Amino acid sequence: MAALLRTDPGAVAAAARRVMDRCDELARVTATDDGIERVYLSEEHARVNRLAAQWMREVGMTTRQDAAGNQVGRLDRVTPSGTPDPDVPALMLGSHLDTVPDAGRYDGIVGVLMGLEVVRMLRAPCPDGTGWRSPLPFALEVVAFSDEEGTRFGKALLGSSAVAGTWDPDWWSLTDDDGVTLHEAFVGFGLDPARVGEAARRPEELAGYLEAHIEQGPELDERGESLAVVSSIASARRFQLVVEGEARHAGGTPYDRRRDALLGASEAALAVERICRAEHHMIGTVGQLETYPGAVNVVPGEAHLSLDLRGELDGDRDRVWGAIERELDTIMGRRGLRWRAREIHSAPAVFCAPLLQDVVREGIVSTLDRGVDGPATIFSRAGHDAMALGAVADVGMLFLRNPDGISHHPDEDVSAADVASGTRALAEAVLQLAAARG
Ligand code: GLV
Ligand code: MN
Ligand code: MN
């Protein structure tokens with residue numbers, strides 16, 4: 001279909017500049033003196049919500065912070081006769097504003113800010129001069145999700161799960177590193193835990209969910225392309241593993257008398273790499289490792305390690321976890337160790353809706369020079385809010401090139417030119433969806 005967006009290149013370049021400047025501004029809202037860290041229900045979370053609300057109002061949206069601390073902006077539809085129509089479903093655009101420790105400044109954030117620029121490009125003035133409305137057959141919402149990373153409570157996608165209506169009451173007793181429960185943190189932030197259900201959206205309220213995000217991997221950079229359609233998001237499981245051995249004197253204990261938990265944990269980490277490498281589209285990471293008692297002259301008696309396991313398909317992910325379990329039984333048995341696992345996160349693979357993949361593709365094509373091949377369609381190994389939203393709406397995603405594929409690191413980057421193309425593509429995708437939905 002022919003491109004529908006009518007906006008001048010100067011406006012698109014200005015939108016991209018605003019997105020980049022605001023990424024810098026949000027990067028200054030951090031809990032640490034050097035580097036960026038912003039976790040759920042913190043003072044920094046409240047501050048970025050206030051900034052997002054201000055920027056939402058600036059593009060004509062009404063704003064609210066929902067019952068789980070997500071910041072929501074809405075632009076109601078206006079009918080052709082000029083009357084507001086608050087009851088039509090909303091197309092939701094968004095991503096998250098929380099970060100991992102020592103984060104980059106674009107993961108999640110760029111998608112929220114691009115959503116606001118799309119609203120700026122597509123809104124129409126109210127005929128009575130009282131503000132702005134969506135001229136599309138749906139309302140437009142932009143959501144800044146409050147917790148995607150799960151950094152504080154170990155459980156990812158808390159904000160978007162509340163919106164999807166999949167909040168699990170068992171989560172209230174999760175604790176952060178200071179022993180503060182999720183329930184206590186809610187109250188401390190000024191939220192009422194009893195009302196978290198009010199954040200949930202019903203399927204009939206949503207026309208779909210579209211998320212723009214940096215790729216967090218090298219595929220687009222290696223292909224020399226700036227944008228991609230996302231086909232699906234990896235299924236994931238996360239575990240805390242405990243290996244138990246026996247603490248003993250480091251000098252006096254001969255090797256054949258040792259039950260060294262760190263060596264068992266180390267072999268376990270290597271086994272995860274070996275097993276996942278032999279598979280297609282599986283990846284496993286041990287990102288945390290602690291030993292107890294943790295003294296230079298004591299054989300480690302206990303080791304705690306994390307495991308993050310991702311795969312394209314749930315069945316492959318679960319089969320690989322079974323293989324890891326069997327291998328750990330062998331390793332620990334050989335070393336006289338015991339081990340156990342506690343699952344702390346599980347999310348099924350989520351497939352982007354064919355129609356939303358098509359409109360994202362149309363959006364990207366509208367930014368390409370004539371004669372260039374169609375855009376790449378890639379599978380996301382990283383997790384996104386779209387995974388949670390999949391429970392309540394059709395979802396689609398647009399990826400932006402991530403130079404050197406580095407993310408969850410201060411060097412994470414995206415270019416202003418790619419943000420300009422991506423914002424244009426996202427706005428075009430919204431218009432194509434409007435045309436398809438009539
Ligand atoms: C979130 O960024 C994740 O994929 O862990
Ligand atoms: Mn992330
Ligand atoms: Mn992210």
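This is a guided tour of a predicted model, stop by stop, with a selection to make at each one.

**Stop 1: the first manganese ion**

Start by selecting ligand 3, a manganese ion, together with His96, Asp107 and His213. These three residues coordinate the ion, the two histidines through NE2 and the aspartate through OD, at 2.0 to 2.2 Å. Along the chain, the donors of this ion follow the spacing H-x10-D-x105-H. If you colour by secondary structure, you will find His96 in strand β5 (residues 90-96), while Asp107 belongs to the loop between β5 and α3 (109-122). The two are 11 residues apart, and the pair links distant parts of the chain.

Now switch on a surface. Are His96 and Asp107 buried or exposed? His96 has a relative accessible area of 0%, so it counts as buried. Asp107 is buried too, at 6%.

**Stop 2: the second manganese ion**

Keep Asp107 selected and add ligand 2, also a manganese ion. Asp107 bridges ligand 2 and ligand 3, and the two ions lie 3.6 Å apart. Next, show the other residues around ligand 2: Glu149, which appears twice in the donor list through OE, and His408, which binds through NE2. With Asp107 (OD) included, the donors of ligand 2 sit at 2.0 to 2.7 Å. Their spacing along the chain reads D-x41-E-x258-H. Glu149 is in the loop between β8 (139-145) and α4 (158-164), and Asp107 is in the loop between β5 and α3, so this pair ties together parts that are 42 residues apart in sequence. On the surface view, Glu149 has a relative accessible area of 11% and is therefore buried, the cut-off being under 20%.

**Stop 3: a residue with a positive phi in the β5-α3 loop**

Stay in the loop between β5 and α3 and select Asp102. Its phi is positive, about 50°, although Asp102 is not a glycine. How accessible is Asp102? Its relative accessible area is 43%, which means that it is partly exposed.

**Stop 4: a hairpin**

Move to residues 62-65 and 71-75, which are strands β1 and β2. They pair in the antiparallel sense over four bridges. To see one pairing, pick Gln65, which stands opposite Gln71 in β2. The two strands form a hairpin with five residues between them. In the turn, select Gly69 and check its backbone: phi is positive, at about 85°. While the strands are on screen, here is a general point to keep in mind: side chains in a regular strand alternate between the two faces of the sheet.

**Stop 5: helices α7 and α8**

Select residues 261-277 (α7) and 314-335 (α8). Their axes come within 10 Å and cross at roughly 150°. That angle makes α7 roughly antiparallel to α8. The crossing is right-handed. To look at the contact itself, turn on side chains: among the residues of α7 that meet α8 are Leu263, Ala268, Val272 and Ile275. On the α8 side, the residues include Val320, Ile324, Leu328 and Met332. Charged names also appear in the contact, including Glu267 and Arg274 in α7 and Glu327 and Arg335 in α8.

Just past α7, in the loop between α7 and β13 (282-285), click on His281. His281 is not a glycine, yet it has a positive phi of about 60°. At 24% relative accessibility, His281 counts as partly exposed.

**Stop 6: helices α1 and α11**

Now select residues 9-27 (α1) and 416-437 (α11). The axes of these helices come within 8 Å and cross at roughly 115°. α1 passes α11 in a right-handed crossing. Show Val12, Ala16, Val19 and Met20 of α1, and then Ala416, Val419, Ala420 and Arg424 of α11, to see the residues that make the contact.

**Stop 7: a cis peptide bond**

Zoom in on Tyr292 and Pro293. The peptide bond between them is cis, with omega near 5°. Pro293 lies in the loop between β14 (289-292) and β15 (298-299).

**Stop 8: a buried glutamine**

Finish at Gln357, in helix α9 (residues 354-365). Gln357 is buried, with a relative accessible area of 14%. Which residues does Gln357 touch, leaving out those up to four places away in sequence? They are Val229, Val230, Ser231, Cys352 and Thr377.

Definitions and conventions:
Residues are numbered from 1 along each chain as its sequence is written. Chains are lettered from A and ligands numbered from 1 in the order in which they are written. This is a predicted model: local features need pLDDT of at least 70, side-chain atom pairs count only at pLDDT 80 or more; totals for chains, interfaces and linings use all residues. Side-chain values use heavy atoms; hydrogens and water are left out. Two strands pair if DSSP finds at least two bridges between them. Donors are N, O and S atoms within 2.8 Å of the metal (3.2 Å for Na, K and Ca); water is not among the atoms, so sites may look incomplete. Buried means under 20% relative accessible area, exposed over 50%, partly exposed in between (1.4 Å probe, protein chains only). Axes are lines fitted to C-alpha atoms, for helices over the stretch in contact, and angles run from 0 to 180 degrees between N-to-C directions. Angles under 35 degrees count as roughly parallel, over 145 as roughly antiparallel, 65 to 115 as roughly perpendicular and the rest as oblique. A crossing is left-handed if the near helix is turned anticlockwise from the far one by less than a right angle, and right-handed if clockwise. Contact means heavy atoms within 4.5 Å.
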